[in-house]
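Me: Could you walk me through this structure, one question at a time?

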Amino acid sequence: MHPTNGRPLLTAALAALITATAVVLVSPGNAWAGKNGALWINGRRHHNPSGCYTVMGPLSATNHTNTAAVIYKGDRCNHRILGALGPDQRNEWKLVGSVYID
C-alpha cells in the first residue's frame, strides 16, 4: 500500500506515539537504580546483591532488585544456564549450582 493511502502513516504515527509515551513514563531514577534491593536465596537475604552466590542444591529465590538474576548449573556461575529470575519474581529449582546478579 502506498504511504499516502493512510494506513502505513497511521501505523507509523501510532508506533511513534507509543514509543514517546514509554519514554515519558520511565523515570530517570529507575534507569540508574541498578541492583538496589534484596535477593533472597534459600531464606537468606542479600542486601544490594552483586556477583556469584554458590548454592549447590535446591533453590528457593525471591528477587526484590531491579536486575535479573541468572541461575547456573555450575557452582561458579558457569556451565549451563538453568533459568533467570526477573525483578520482583519468585521461583524454585530442584538442583542448581549458583546464582549470578550484576
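Reply: Sure. One cut-off first: a disulfide here is a pair of cysteine sulfur atoms within 2.5 Å. Keep in mind that this is a predicted model.

Me: Which cysteines does the disulfide join?
Reply: By that cut-off, the count comes to one disulfide. The two sulfur atoms sit 2.1 Å apart, and the S-S bond has 100° about it, a right-handed link. The residues joined are Cys52 and Cys77.

Me: How many residues apart are Cys52 and Cys77?
Reply: Cys52 belongs to strand β3, residues 51-64. Cys77 is in the loop between β4 and β5, so the pair links distant parts of the chain. Their separation is 25 residues.

Me: Is Cys77 buried or exposed?
Reply: Buried means under 20% relative accessible area. Its partner Cys52 has 35%, which makes Cys52 partly exposed. Cys77 has 15%, so the word for Cys77 is buried.

Me: What pattern does the protein follow along the sequence?
Reply: There are two helices and six strands to place. Read along the sequence, the helices come up before the strands. Written out, that is α-α-β-β-β-β-β-β.

Me: Which strands are the edge strands of the sheet?
Reply: The six strands form an open sheet with antiparallel pairing, in the order β2-β1-β3-β6-β4-β5. An edge strand pairs on one side only. That picks out β2 (44-47) and β5.

Me: By how many degrees are neighbouring strands of this sheet turned against each other on average?
Reply: Take each strand with its neighbour in the sheet and ignore direction. The average turn is then 45°.

Me: What is the bridge partner of Ile41 in β2?
Reply: Strand β1 covers residues 38-41, and β1 and β2 pair in the antiparallel sense over four bridges. Ile41 has its bridge partner in β2, and that residue is Arg44.

Me: Which residue of β6 is the bridge partner of Ala69?
Reply: Ala69 is in β4, which covers residues 69-72. β4 pairs with β5 (residues 81-85) in the antiparallel sense over four bridges, and there the partner of Ala69 is Leu85. Four bridges also join β4 to β6 (residues 89-101), again antiparallel. In β6 the partner of Ala69 is Ile101.

Me: Which residues of β4 are buried, side by side?
Reply: Both faces of β4 are covered. One side has Ala69 and Ile71. On the other, the buried residues are Val70 and Tyr72.

Me: Which side chains meet in a salt bridge?
Reply: Side chains of opposite charge can pair when their charged atoms come close. A search of the whole structure turns up one salt bridge, with N to O at 3.3 Å. The two side chains are Arg90 and Glu92.

Me: Which residues is Met56 in contact with, leaving aside its neighbours within four places in sequence?
Reply: Met56 lies in strand β3 and is exposed, with a relative accessible area of 53%. Its C-alpha atom is separated by 9.9 Å from that of Val99, 43 residues apart along the chain. The contacts of Met56 are Asp75, Val96 and Gly97.

Me: What percentage of the exposed area do carbon and sulfur atoms supply?
Reply: Of the 102 residues, 30% count as buried. The protein exposes about 7000 Å². The share from carbon and sulfur atoms is 58%.

Key. Residues are numbered from 1 along each chain as its sequence is written. This is a predicted model: local features need pLDDT of at least 70, side-chain atom pairs count only at pLDDT 80 or more; totals for chains, interfaces and linings use all residues. Side-chain values use heavy atoms; hydrogens and water are left out. Buried means under 20% relative accessible area, exposed over 50%, partly exposed in between (1.4 Å probe, protein chains only). Accessible areas come from the Shrake-Rupley method with a 1.4 Å probe; for residues, only the protein chains shown count as cover. Two strands pair if DSSP finds at least two bridges between them. Axes are lines fitted to C-alpha atoms, for helices over the stretch in contact, and angles run from 0 to 180 degrees between N-to-C directions. A salt bridge is a side-chain nitrogen of Lys or Arg within 4 Å of a carboxyl oxygen of Asp or Glu. Contact means heavy atoms within 4.5 Å.
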